[in-house]
Amino acid sequence: MSTWKYRLSLQMSPQNLSLSDSLHIAVLASILSLIIYWIIRDRYRVRNLNGKHVFITGCDTGLGNSLAKWLDKRGFCVIAACATEKGSQELQCCSSLSLKTVNLNLADSDSIARAVVFVTEQTAGKGLFGFVSNAEGTAPVGPTDWLRIEDFHSVLDVSLLGLIEITLKLLPLLKKAEGRVVNLMNAKGLMAFVGGGYSLSKWGMEAFSDTLRIEMWHFGVKVSIVEHGFFKAEEVNSDIIEKYLFKLWNRLTPEIRDSYGEKYLVEYIKAQRSSVKRLCDYDTSNVIKCMEHALIAKYPRTRYRAGWDAKFFWLFLSYGPSCLSDMLLRITLPAPAESRRPGHGALMSV
């Protein structure tokens, strides 16, 4: 053995290791063991999935529609809630006979009650294995003083209170099957970048999901949150956003309109269009994989993040200092005509 190898062996021998070195090695070994354990545990799957019932809301288009088709191919008994008859018919045309649809208006308690009765009849005493709540859509967004209380109600009644109401009514079926709840929400709701009820509804669903997860653990019901980024789906439509903005602008009082100026509206629309263009991802498969894992994993994760902006951009800003997000907001959006803080304005161009 060469001299340097001999010296190295002496240094690494148990007799020559200091207490701090031993502690470092023990900590690293523990961390490595936990990582390996988590990876192995994350791969466990629920057996005998064929015939299990999964109820999904928001299946007319977008992510809910894609998940319903995917789970139908995997052998689940999918119950898809659609807001329109056209959405139900189009989904049934490209799915198996085991997929059932039901009309659902989350802003209407009677419609929610009818949907719950339908799900109860379809499960036939077996209970509900999975409930995926999805109420994404284009909500009225804009400066807060452009909005009225009914603009907040139009979002919160559906994306928060409606989802809470239907979840509460489905809990007996979920507890009976020891099922799981998967709440789908856009990660941009983690940061309040625009006025309106959108971010309020997402924060509310985060809090509701956390308390529900802790309380339902005693009954074998698992609750997960899937936070996804901007995806180029039906719900991300710049034309609809602009339509809402023009509607809000046209109903403003002359005083408020003058305080912002015509140029503000033009620049605000450009900033919204630019943010959608920069952040949108065309591949929705990452979201589908996360939702599927939350449903079929034996030990589903508490939170999933799908999309690069959900994992890095929105998550970083939500945990970063407020001054950073405030600065980004100021340089992204235009300044009103009567702004008392000169020097700010939209820097993002199409």
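**Predicted protein chain: questions and answers**

Visitor: What is the relative accessible area of Glu-150, which is partly exposed?

Guide: Buried means under 20% relative accessible area, exposed over 50% and partly exposed in between, with a 1.4 Å probe and protein chains only. Glu-150 counts as partly exposed because its relative accessible area is 40%.

Visitor: Which kind of model is this, and from what number are residues numbered along each chain?

Guide: This is a predicted model, in which local features need pLDDT (the predictor's confidence in each residue, from 0 to 100) of at least 70, side-chain atom pairs count only at pLDDT 80 or more, and totals for chains, interfaces and linings use all residues. Side-chain values use heavy atoms, with hydrogens and water left out; as its sequence is written, each chain has its residues numbered from 1.

Visitor: What is the mean pLDDT of the protein chain?

Guide: Over residues 346–350 pLDDT stays under 50, and the model has 18 contacts (heavy atoms within 4.5 Å) for them beyond four places in sequence. Of the residues of the protein chain, 84% reach 70 or more, and the mean is 83.

Visitor: How many helices and strands are there in the protein chain?

Guide: Helices (H or I, at least four residues) and strands (E, at least two) are DSSP runs, numbered from the N terminus. Of the 350 residues, 44% count as buried. By the DSSP assignment, the protein chain has 14 helices and 7 strands.

Visitor: With which residue does Glu-150 form a salt bridge?

Guide: A salt bridge is a side-chain nitrogen of Lys or Arg within 4 Å of a carboxyl oxygen of Asp or Glu. The closest N and O atoms in the salt bridge of Glu-150 are 4.0 Å apart. The partner is partly exposed, with a relative accessible area of 40%, and it is Arg-148.

Visitor: Which residue meets Arg-251 in a salt bridge?

Guide: The N to O distance of this salt bridge is 2.2 Å, and the pair is Arg-251 and Asp-151. The two belong to distant parts of the chain, 100 residues apart, with Arg-251 in the loop between α9 (238–250) and α10 (254–260) and Asp-151 in helix α6. Arg-251 is partly exposed at 23%. At a relative accessible area of 10%, the buried partner is Asp-151.

Visitor: How many salt bridges does a search of the whole structure find?

Guide: One network of salt bridges links Glu-206, Asp-210, Arg-213, Glu-227, Arg-303 and Arg-305. Over the whole structure, the number of salt bridges found is 9.

Visitor: How far apart are the C-alpha atoms of Ser-109 and Glu-165?

Guide: Ser-109 lies in helix α5 (residues 109–123) and is partly exposed at 37% relative accessibility. Beyond its neighbours within four places in sequence, Ser-109 is in contact with Glu-165 and Lys-169. These two residues themselves meet in a salt bridge (3.4 Å, N to O) and lie 4 residues apart in helix α7, about one turn of the helix. Although Ser-109 and Glu-165 are 56 residues apart along the chain, their C-alpha atoms are separated by 8.0 Å.

Visitor: Which residues, beyond neighbours within four places in sequence, are in contact with Thr-167?

Guide: Thr-167 is also found in helix α7 (residues 161–177), where it counts as buried because its relative accessibility is 1%. Beyond four places in sequence, the residues in contact with Thr-167 are Phe-131, Phe-208 and Leu-212.

Visitor: How far apart are the end C-alpha atoms of helix α8?

Guide: The buried residues of α8 include Phe-208, Ser-209 and Leu-212, and the elements against which the buried residues of α8 pack include β4 (130–134), α7 and β6 (222–228). The expected span of a helix is 1.5 Å times one less than its number of residues. For the 19 residues of α8 (residues 198–216) this gives 27 Å, which agrees with the end-to-end C-alpha distance of 26 Å.

Visitor: What accessible area do the residues of the nonpolar patch with Ile-31 have together?

Guide: Patches are made of residues with over 30% relative accessible area and no salt bridge, like charges being joined within 9 Å and nonpolar side chains (Val, Leu, Ile, Met, Phe, Trp, Tyr) within 5 Å. Ile-31, in helix α2 (residues 19–42), is partly exposed at 43% relative accessibility. Areas come from the Shrake-Rupley method with a 1.4 Å probe, and for residues only the protein chains shown count as cover. Together, Val-27, Ile-31, Ile-35, Trp-38 and Ile-39 have an accessible area of about 450 Å².
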